[in-house]
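The following note is offered to a colleague who is meeting this structure for the first time. Its points are numbered so that each may be checked against the model in turn.

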Amino acid sequence: AAVLPLAGVLPAVSGSAGGEPAAAVGARSSAIEWPTHFRGQPLTQLPPTALEARFAARFPGAVARFTDGAQLLIVRHVRRPTRLLHPASDCFRAAGYAVADAQAAVDTQGLRWRCFVASRGAERLRVCERIGERLDDAGEAGWTDVSAWFWHAQWRPAASAWWALTVVTPLEPKAGS
C-alpha cells in the first residue's frame, strides 16, 4: 500500500527498479519467505515499480507485489514498529484516487479487514488491508488500524515480525462512467 499507486490495470507493471524481474525491494528482502499462494490461488511475484524501489530504500523492512490473476497483493514485512507502515488510503489519495470511507469487514475465513473503494476516472478498486504476525491465519485477530498496530507493537513488542497485507480488487466501473 505504501508504494501502491497502481499505474494501470492489474496486473500491469509501471516500470521496474531493475535487477531480477520478480525481485522484492527493501532491507533483507531476500531473507523473507514470501507467500506462494493466497486463498488457494498461486501467486506470481511482480517486479517492483520505480516508486516502490524509492520507497523501499528507506522502508525498515521489505515490500513485494503479487498477483493471483484477479487481484493485486502488496505484502510488507517489518521487524520493528515504524510510522513508515501507513494506511493504503494515504497512498491512494497521494496517487490521485478518491477514497471512500473505510469500513470494517470480515471475510469468509473470519479475518478482519479494513476496506475502502478507491476511484480515479472510470477505474474503481476495492482495497482491503490488515496487519498480523502471520499472513493468512483466521485464528489471529491482527490489526485493521495501522495506528493501533503501531502503539501495540511499540509498547508490547511480543512479536518478532509483522506482515501488512493489502489486497486490491478491480471493480466494475460505475454506470455512466
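1. Cys115 and Cys128 are both buried. In this predicted model, the two residues form a disulfide with their sulfur atoms 2.1 Å apart. A search of the whole structure finds 1 disulfide. The torsion about its S-S bond is about 115°, so the disulfide is right-handed. Cys115 belongs to strand 9 (residues 112-120) and Cys128 to strand 10, so the bond ties together parts that are 13 residues apart in sequence. Another cysteine, Cys91, has a relative accessible area of 9% and is therefore buried, given that buried means under 20%.

2. The overall arrangement may be set out next. The protein chain contains 3 helices and 11 strands. Read from the N terminus, the order of elements is β-β-β-β-α-β-β-α-β-β-β-β-α-β. The chain has 177 residues, of which 46% count as buried. Where contacts join residues at least 6 apart in sequence, 66% of them link residues at least 24 apart.

3. Which residues have the most contacts inside the largest nonpolar core? They are Phe92, Val127, Ile131, Trp149 and Trp162, in a core of 27 residues. Two or more residues of this core come from each of strand 6 (72-78), helix 2 (88-94), strand 9, strand 10, helix 3 (146-155) and strand 11 (162-171). Helix 3 gives the most, with 4 residues.

4. Ile131, one of the core residues just named, shows how this region is connected. Leaving aside residues up to four places away in sequence, Ile131 touches Leu85, Gly142, Trp143, Val146, Trp149, Trp162, Trp163 and Ala164. Apart from the largest core lies another, of 18 residues, and among them are Ala64, Val75, Cys128 and Trp163. Cys128 thus appears both in the disulfide and in this other core.

5. Arg130 deserves a separate point. This arginine is found in strand 10 (residues 123-132). Its relative accessibility is 2%, so Arg130 counts as buried. A polar atom of the Arg130 side chain lies 2.9 Å from the backbone oxygen of Arg112. Beyond residues up to four places away in sequence, Arg130 touches Leu111, Arg112, Trp113, Leu135, Glu140, Ala141, Gly142, Trp143, Trp163, Ala164 and Leu165.

6. Leu111, one of the residues that Arg130 touches, is found in the loop between strand 8 and strand 9. Is Leu111 buried or exposed? Its relative accessibility is 0%, so Leu111 counts as buried. Leu111 and Thr144 are 33 residues apart in sequence, and their C-alpha atoms are 9.9 Å apart in space.

7. Enclosed empty space comes next. Rolling a probe the size of a water molecule over the atoms shows where empty space is left. The count comes to 2 cavities of 30 Å³ or more, and the largest cavity holds about 50 Å³ of space. The lining of the largest cavity consists of Arg76, Glu129, Arg130, Ile131, Trp143, Thr144, Asp145, Val146, Ala164 and Leu165. Strand 10 and strand 11 each supply at least two of these lining residues, and the largest share, 3 residues, comes from strand 10. Arg130 and Ile131, discussed above, are both among the lining residues.

8. The largest pocket has a volume of about 200 Å³. What lines the largest pocket? Its lining is made up of Phe38, Arg39, Gln71, Ala105, Val106, Asp107, Trp113, Cys115, Arg126, Cys128, Val167 and Thr169. The elements that give two or more residues to this lining are strand 8 (103-106), strand 9, strand 10 and strand 11. Both cysteines of the disulfide are included in the lining.

9. Arg39, one of the residues lining the largest pocket, merits inspection of its backbone. Arg39 has a positive phi of about 55° although it is not a glycine. Its place is in the loop between strand 2 (37-38) and strand 3 (41-42). With a relative accessible area of 28%, Arg39 is partly exposed, whereas Cys115 and Cys128, which also line the pocket, are buried.

Methods:
Residues numbered from 1 in each chain as written. Predicted model: local features only at pLDDT ≥ 70, side-chain atom pairs only at ≥ 80, totals over all residues. Heavy atoms only, no water. Buried < 20%, exposed > 50% of the residue type's maximum accessible area, 1.4 Å probe, protein only. Polar contact = N/O pair within 3.5 Å; in protein donor to acceptor, adjacent residues only side chain to side chain. Contact = heavy atoms within 4.5 Å. Disulfide = S-S within 2.5 Å. Core = buried A, V, L, I, M, F, W, Y, C linked by side-chain atoms within 4.5 Å. 1 Å grid on protein atoms, 1.4 Å probe; cavity = no way out; pocket = protein on both sides within 12 Å on 5 of 7 lines; lining within 4 Å. Points joined across faces, edges and corners; volume = space filled by probe spheres on them.
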